[in-house]
Amino acid sequence: MTVQRVLTGITTSGTPHLGNYAGAIRPAVAASRHPGVESFYFLADYHALIKTTDPLRVQRSTLEIAATWLAAGLDTDRVWFYRQSDIPEIPELTWLLTCIAGKGLLNRAHAYKAAVDKNTADGVDPDAGVNMGLYMYPVLMAADILMFKAHSVPVGRDQIQHIEMARDIAGSFNHLYGEHFVLPEAAIDAAVATLPGLDGRKMSKSYDNTIPLFAPAAELKKLVFSIVTDSKAPGEPKDADGSALFELFQAFSSAEEARAMRTAFDEGIAWGEAKQALFEHIERAVAPMRERYEALIAEPAQIEKHLLEGAAKARAIATPFMSELRHAVGLRRLTDVARPARADKPRPVAQPQFKQYREADGRFHFKLVHADGHALLVSEGFATPREAGTLVTFLKQGGEFEVAGNGVFVAGERVAELAPDVVAVEVREALAALAA
Ligand code: TRP
């Protein structure tokens, strides 16, 4: 079984919410337990610097997200769990990739284009407020992915373009410098929920409609009760499809529980009652994790230790790979002998060959074989290997011979014959190639 490498990053600029948990953390922790999968999960704190200049927020978010993954049951012995900024090879690789990434490619990145479009609509300079981090975001992300030769990158739909750019950049690098990178693919799991938020739109920090994953129970209850519903009275049938409340309920219940809730909707369950049930189901899933989470948050040194161990494990891959890549692009010690790694250098071409052998009758022969393997010339039998060898050297060095019929003559003596269907010019060409 070939091992599949799965890798994904989590930007450390916020507090994990229920949507992050159901949409990313929970499926990732489950996937990491499959045999035949090597999982790489990391805290993308370099990416966070693009979104925020608040140092405390970056640090706090890193702590919270790390604690969340550990509390959710991530087994750090099985997976590679690390903080991006602990791997200096990542920014180093980012530079190598920057030097081959087309500017035009990055001009087309959705996030950058959206910023430019907004500026244009607002009548200000197209690049107003755009930092180079936002512009280079896809290249840093490509380095994250390519460094660990990930096959599959589970991401949300908004990130698909970034994975395609990583593929693109990897392809260019491989073309220029030889096959160093695996071309990654985005993995979009249709079965994985995108949760609605309090207002029914996708749960997202940018809509300010989230339910923090580890809100204390009382706050969780308050937030659940603030979920927007229609004004149908108790007893009036309610439509489960299209109900944010029902969708959230589904994400935290078994199929059977969800079926029962659908029936309750049909039968006109009161919104308050449905909200109470939702709260209880979320609390059931979250409470044990919340306890672990709080214990972890209280001991940052413990989390730090996990991360540093993870970094050492990741660097055991990144450091040697980076030195291979440095060599490939020509960042070499002056005493290093060039390895022929560049794809644009002529590859060693297959050459015609002389083969010497002994026949059953005890006599010594040689053959001249075309680069593609078919015989061009077969010698007479000689009494000693030395006689055969002398003739081979003579022919290799461009010594003169004549061809008459299918016979090959040196100084009037028949020494070999052309193989069936071979013409003299083929032999001369092969010998010329060998002499060159
Ligand atoms: N850009 C991703 C996000 O915001 C986070 C990320 C950074 C990432 N590097 C990555 C995801 C590499 C997958 C692979 O969601």
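## Ala260 and Arg259

At 49% relative accessibility, Ala260 counts as partly exposed. The cut-off matters here: a residue is called exposed over 50% and buried under 20%. Ala260 sits in helix α11. That helix spans residues 255–266. The structure is a predicted model.

Two C-alpha distances start in this part of the chain. Ala260 and Thr12 are 248 residues apart along the chain, and 38 Å separate their C-alpha atoms. Arg259 and Glu359 are 100 residues apart along the chain, and their C-alpha atoms are separated by 82 Å.

## Domains

The chain is divided into three parts: domain 1 (4–193 + 300–325), domain 2 (214–296) and domain 3 (353–435). Domain 1 is thus written as two segments. Taken over C-alpha atoms, the centres of domain 2 and domain 3 are 87 Å apart.

## The largest nonpolar core

How many residues does the largest nonpolar core have? It has 53. Those with the most contacts inside it are Leu18, Trp69, Phe81, Phe265, Leu278, Ile282 and Ile303. Several elements each supply at least two residues of this core: α1 (18–31), β2 (37–44), α3 (55–71), α9 (217–225), α10 (244–251), α11 (255–266), α12 (271–297) and α13 (300–329). The largest share, 11 residues, comes from α12. Domain 1 (4–193 + 300–325) and domain 2 (214–296) both give residues to this core, so it lies between them.

Leu18 shows what such a core residue touches. Leaving aside neighbours within four places in sequence, Leu18 is in contact with Leu195, Met203, Ile211, Pro212, Leu213, Phe252, Ile282 and Val286. Ile282, in that list, is also among the residues with the most contacts inside the core. Apart from this core lies another, of 49 residues. Its members include Leu7, Met136, Phe321 and Ala328.

## Arg83 in β3

Arg83 lies in strand β3, residues 80–83. Is this arginine buried or exposed? Arg83 is buried, because its relative accessible area is 12% and the limit for buried is under 20%.

The side chain of Arg83 makes a polar contact of 2.7 Å with the side chain of Glu304. Beyond its neighbours within four places in sequence, Arg83 is in contact with Leu43, Asp45, Thr62, Glu304, Leu307 and Leu308. Glu304 therefore appears both in that contact list and as the polar partner of Arg83.

## Around the ligand

There are 14 residues around the ligand. Gly9, Thr11, Tyr137, Asp144 and Gln159 come nearest.

Three of these residues have side-chain polar atoms placed as follows.

- Thr11: an N or O atom of the side chain is 3.3 Å from an oxygen atom of the ligand.
- Tyr137: an N or O atom of the side chain is 2.6 Å from a nitrogen atom of the ligand.
- Asp144: a polar side-chain atom lies 2.7 Å from a nitrogen atom of the ligand.

## Strands of domain 3

Domain 3 covers residues 353–435. Strand β6 (353–358) and strand β7 (364–369) are separated by a loop that holds Glu359. Glu359 has 39% relative accessibility, so it counts as partly exposed.

Further along, strand β9 (residues 402–404) and strand β10 (residues 407–410) run antiparallel, joined by 3 bridges. Ala404 stands opposite Gly407 in β10. The two strands form a hairpin with 2 residues between them. Gly405, in that turn, has a positive phi of about 60 degrees.

β10 also pairs with strand β11 (residues 413–418), in the antiparallel sense and over 4 bridges. Phe409 stands opposite Arg414 in β11, and Val408 stands opposite Ala416. This pair is a hairpin too, with 2 residues between the strands. Which turn residue has a positive phi of about 50 degrees? That residue is Ala411.

β11 has a further partner. Strand β8 (residues 375–379) runs antiparallel to β11, with 3 bridges between them. Here Val378 stands opposite Glu417 in β11.

Methods. Residues numbered from 1 in each chain as written. Predicted model: local features only at pLDDT ≥ 70, side-chain atom pairs only at ≥ 80, totals over all residues. Heavy atoms only, no water. Pairing = 2+ DSSP bridges. Core = buried A, V, L, I, M, F, W, Y, C linked by side-chain atoms within 4.5 Å. Buried < 20%, exposed > 50% of the residue type's maximum accessible area, 1.4 Å probe, protein only. Domains from an automatic or database assignment. Contact = heavy atoms within 4.5 Å. Near = heavy atom within 4 Å. Polar contact = N/O pair within 3.5 Å; in protein donor to acceptor, adjacent residues only side chain to side chain.
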